[in-house]
Amino acid sequence: MRLNFTLLALMNIMLLAGGCSTTKIYKDVLSHNLEVNSETDSVETTLDIYSVGAQCESEYLGTVALDRSSIELGIAIEKPSYLSVGFASSSFWSSSSGFISYDFTLLPRKAFRYEVDVSYIDNIYNVIVYEVGQFTGEKREMEAAELWNCHS
Amino acid sequence: MRIASTLYMFLFVTLLTGCVTSHPQNATEFRAAVPGAFLAKVDKYEVTEPFQKVASRFEKMAPKCFNVSIKTVSQSTTSYQVIVTDYKPTVIVGEDRAELHLQQHHRQGVMKITEEPEGGYYLMVFDAIKLDGGNTRIDYYGPSVGHESIIKAVKGWASGKNVGCPDLTA
């Protein structure tokens, strides 16, 4: 599972670097249950979204550019989604570039919405996922163990 | 930049061993080797956070930030280098002392010169020590140059300010 996702990420990077982009815009058709709040400096931040099947197979659904401080979108309910927040930096003068991602799998529940706080400040990044009750408004930070993944 | 940091890492690993006959095989040996090693240092500072909070952040953030593999590509007109590095964190928490060990294993692009401990060469060790009055002391053992983002991130975990993961590609 980890290997598959790593391969997917590497393939994406290689294809992008080669000018043969496979990136597609995420088709946001569901009711909004995910809010991504971001605060970043000096990097381009993106969110890649994959669906995850019963056998842990993944399907790339698209990418959302986190170019605004807050973005709302919808992801499937009661089905796992693999989310990858990517931070891409580049320096024209040194012709160097870097890419690091924070990946997690979310299994959204009915009657809940999810908030993801993304930050990248001064080479320090953080991704915190919250679950919020739609009716109660109760908000809690999700633990790493809750961010379900196939290989756990 | 990356070539420079790779060369630096090579030097750090080489010089830490003295005349390259062996390399620290555990955190205790690493702590003992750092004070006399070139391009390495021991740094001690105090934070006004209680020990339990610091230890708890070590436990929460170290696996989140350091269970990763990083691929770096450096290219110039005369060279092309690909390095793949696996990081491994270990956190040990006791009643009044917490330890964070960070190891790195170069899967590709860097030559091994001495016996490598399981999990990779020791890169850094941070000890958090409970102090009277609710403060915590941090003892750092590791490189004196480079890896600023890691050092800054762990300082953030200790102080509770800008808590996050270091960009290991920076």
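Just after helix H4 of chain B, Gly160(B) takes a positive phi of about 80°. Helices here are DSSP runs of H or I with at least four residues, strands are runs of E with at least two, and both are numbered from the N terminus. This is a predicted model: local features need pLDDT of at least 70, side-chain atom pairs count only at pLDDT 80 or more, and totals for chains, interfaces and linings use all residues. Residues are numbered from 1 along each chain as its sequence is written, while chains are lettered from A and ligands numbered from 1 in the order in which they are written.

Staying with H4(B): the helix covers residues 148-159, 12 in number, and reaches 16 Å from its first C-alpha to its last. That is close to the 16 Å expected at 1.5 Å a residue, where the expected span is 1.5 Å times one less than the number of residues. Which residues of H4(B) are buried? They are Ile150(B), Ala153(B), Val154(B), Gly156(B), Trp157(B) and Ala158(B). Buried means 20 or more other C-beta atoms within 10 Å of the residue's own, exposed means 12 or fewer, and partly exposed is in between, with C-beta atoms placed from the backbone. As a reminder, an α-helix has 3.6 residues a turn, so residues three or four places apart point the same way.

On the other side of the helix, His147(B) lies in the loop between strand E6 (136-143) and H4 of chain B. Phi of His147(B) is near 60°, a positive value in a residue other than glycine. His147(B) counts as buried because 22 other C-beta atoms lie within 10 Å.

Now the chains as wholes. Chain B has four helices and seven strands, in the order α-α-β-α-β-β-β-β-β-α-β from the N terminus. Of its 170 residues, 32% count as buried. Chain A has one helix and nine strands, and its helix comes ahead of the strands: α-β-β-β-β-β-β-β-β-β. In chain A, 22% of the 152 residues are buried.

For contacts, the criterion is C-beta atoms, placed from the backbone, within 7 Å. In chain A, 62% of the contacts between residues at least 6 apart in sequence join residues at least 24 apart. In chain B, residues 24 or more positions apart account for 59% of the contacts with a separation of 6 or more.

Next, the interface. How many residues of chain B are in contact with chain A? There are 18, and they meet 15 residues of chain A. Strand E2 (69-75), H4 and strand E7 (165-166) of chain B each supply at least two residues of this side. H4(B) gives the largest share, four residues. By class, the chain B side has seven nonpolar, seven polar and four charged residues. Nonpolar here covers Ala, Val, Leu, Ile, Met, Phe, Trp, Tyr, Cys and Pro; charged covers Asp, Glu, Lys and Arg; the others, Gly among them, are polar.

There is also strand pairing across the interface. Strand E8 (residues 124-133) of chain A and E7(B) pair in the antiparallel sense over two bridges, and two strands pair if DSSP finds at least two bridges between them. Within that pairing, Tyr125(A) has Cys165(B) as its bridge partner.

Tyr125(A) is also touched by Ser119(A), whose other contacts include Glu39(A), Thr40(A), Asn126(A) and Gly164(B), not counting residues up to four places away in sequence. Ser119(A) sits in strand E7 (residues 112-121) of chain A. Ser119(A) is partly exposed because 19 other C-beta atoms lie within 10 Å. In the loop between E7 and E8 of chain A is Asn123(A), with phi near 70°, a positive value in a residue other than glycine. Asn123(A) is buried, with 24 other C-beta atoms within 10 Å.

Last, the cores. A nonpolar core is a set of buried Ala, Val, Leu, Ile, Met, Phe, Trp, Tyr and Cys residues joined through C-beta atoms within 7 Å. Of the 41 residues in the largest one, Val54(B), Phe58(B), Met124(B), Phe126(B) and Ala128(B) touch the most other members. Elements giving two or more residues to this core include strand E6 (96-106) and E8 of chain A, and H4 of chain B. Helix H3(B) gives the largest share, eight residues. A second, separate core of 15 residues includes Leu47(A), Val52(A), Val85(A) and Leu106(A).

Note on methods
Contact = placed C-beta atoms within 7 Å.
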